[in-house]
Amino acid sequence: MSAAHHPKRNALLCFGITSFVLAGWFHLSLGVPGLLAWLLACNGVAIGLWGFDKWSAKREGARVPELVLHTMAFLGATPASLLGMACLRHKTRRWRFVVLHPILLAIQAGLVVEIYLDEWRAWLA
């Protein structure tokens with residue numbers, strides 16, 4: 001089958017591989033901690049895919065499937081999703097994005113605080 005028959009797989013591969021390589025570079029070359037490197041990389045890649053989807057929507061071209069946008073948010077790109085919705089005015093009428101992504105961001109922020117709380121306390125002390 002051609003690549004056009006697997007838009008979800010192709011978009012997720014693009015997101016995953018690019019984010020992984022970029023996160024590795026942030027971590028190994030710049031010394032950014034692993035989780036922070038992943039979050040920076042996946043949000044950068046995700047905002048690019050959100051922009052591509054908006055651009056494609058205006059031109060009626062190949063789109064990024066909604067499942068891929070949700071999956072990216074689940075994997076840590078929720079800030080990029082909310083930024084894409086706000087700045088690009090994209091997917092703002094879809095309740096799954098408007099309701100679920102802010103809830104997901106709150107959950108993810110809580111997890112990051114839980115993971116790094118002890119380190120932050122030690123740093124502040």
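# Salt bridges, a pocket and a patch

Student: What does Arg63 count as at 37% relative accessibility?

Tutor: The scale has three classes: buried is under 20% relative accessible area, exposed is over 50%, and partly exposed lies in between (1.4 Å probe, protein chains only). At 37%, Arg63 counts as partly exposed.

Student: What kind of model is this, and which pLDDT do side-chain atom pairs need?

Tutor: Residues are numbered from 1 along each chain as its sequence is written, and side-chain values use heavy atoms, without hydrogens or water. This is a predicted model: totals for chains, interfaces and linings use all residues, local features need pLDDT of at least 70, and side-chain atom pairs count only at pLDDT 80 or more.

Student: What pattern does the protein chain follow along the sequence?

Tutor: Elements are DSSP runs numbered from the N terminus: helices are H or I with at least four residues, strands are E with at least two. The chain has four helices and zero strands. Its C-alpha trace spans about 55 × 30 × 20 Å along the principal axes. Read along the sequence, the pattern is α-α-α-α.

Student: Which residue shares a salt bridge with Arg63?

Tutor: A salt bridge puts a side-chain nitrogen of Lys or Arg within 4 Å of a carboxyl oxygen of Asp or Glu. For Arg63, the N to O distance is 2.8 Å, and the partner is Asp53. Asp53 lies in helix 2 and Arg63 in the loop between helix 2 and helix 3, so the pair ties together parts ten residues apart in sequence. At 0% relative accessible area, the buried partner is Asp53.

Student: Which residue forms a salt bridge with Lys91?

Tutor: The closest N and O atoms of Lys91 and Glu66 are 3.2 Å apart. Lys91 lies in the loop between helix 3 and helix 4 and Glu66 in helix 3, so parts 25 residues apart in sequence are tied together. Lys91 counts as buried at 12% relative accessibility. Its partner, partly exposed at 22%, is Glu66.

Student: Which helix gives the most to the lining of the largest pocket?

Tutor: The largest pocket has a volume of about 200 Å³ (an open set of points on a 1 Å grid where a 1.4 Å probe fits, with protein on both sides within 12 Å along at least five of seven lines; lining residues have an atom within 4 Å of a point). Of its 13 lining residues, the closest to the centre are Leu35, Leu39, Gly76, Gln108 and Val112. Helix 2 (34-59), helix 3 (66-88) and helix 4 (95-124) each supply at least two. With six residues, the one giving the most is helix 4.

Student: How many lining residues of the largest pocket are nonpolar?

Tutor: Three of the lining residues are polar and no residue is charged. The nonpolar count is ten.

Student: What area does the nonpolar surface patch with Val98 cover?

Tutor: Such a patch joins nonpolar side chains within 5 Å, using residues with over 30% relative accessible area and no salt bridge. Val98 lies in helix 4 and is partly exposed, at 40%. The patch is made by Trp95, Val98, Val99, Leu100, Ile103, Ile107, Leu111 and Ile115, and its area is about 760 Å².

Student: Which residue has a positive phi although it is not a glycine?

Tutor: Most residues other than glycine have a negative phi. The residue with a phi of about 55° is found in the loop between helix 2 and helix 3. Exposed at 75% relative accessible area, this residue is Glu60.

Notes: Grid points are joined across faces, edges and corners, and a volume is the space filled by probe spheres set on the points. Ala, Val, Leu, Ile, Met, Phe, Trp, Tyr, Cys and Pro count as nonpolar, Asp, Glu, Lys and Arg as charged, and the others, Gly among them, as polar. Patches are made of residues with over 30% relative accessible area and no salt bridge: like charges are joined within 9 Å, nonpolar side chains (Val, Leu, Ile, Met, Phe, Trp, Tyr) within 5 Å. Accessible areas come from the Shrake-Rupley method with a 1.4 Å probe; for residues, only the protein chains shown count as cover.
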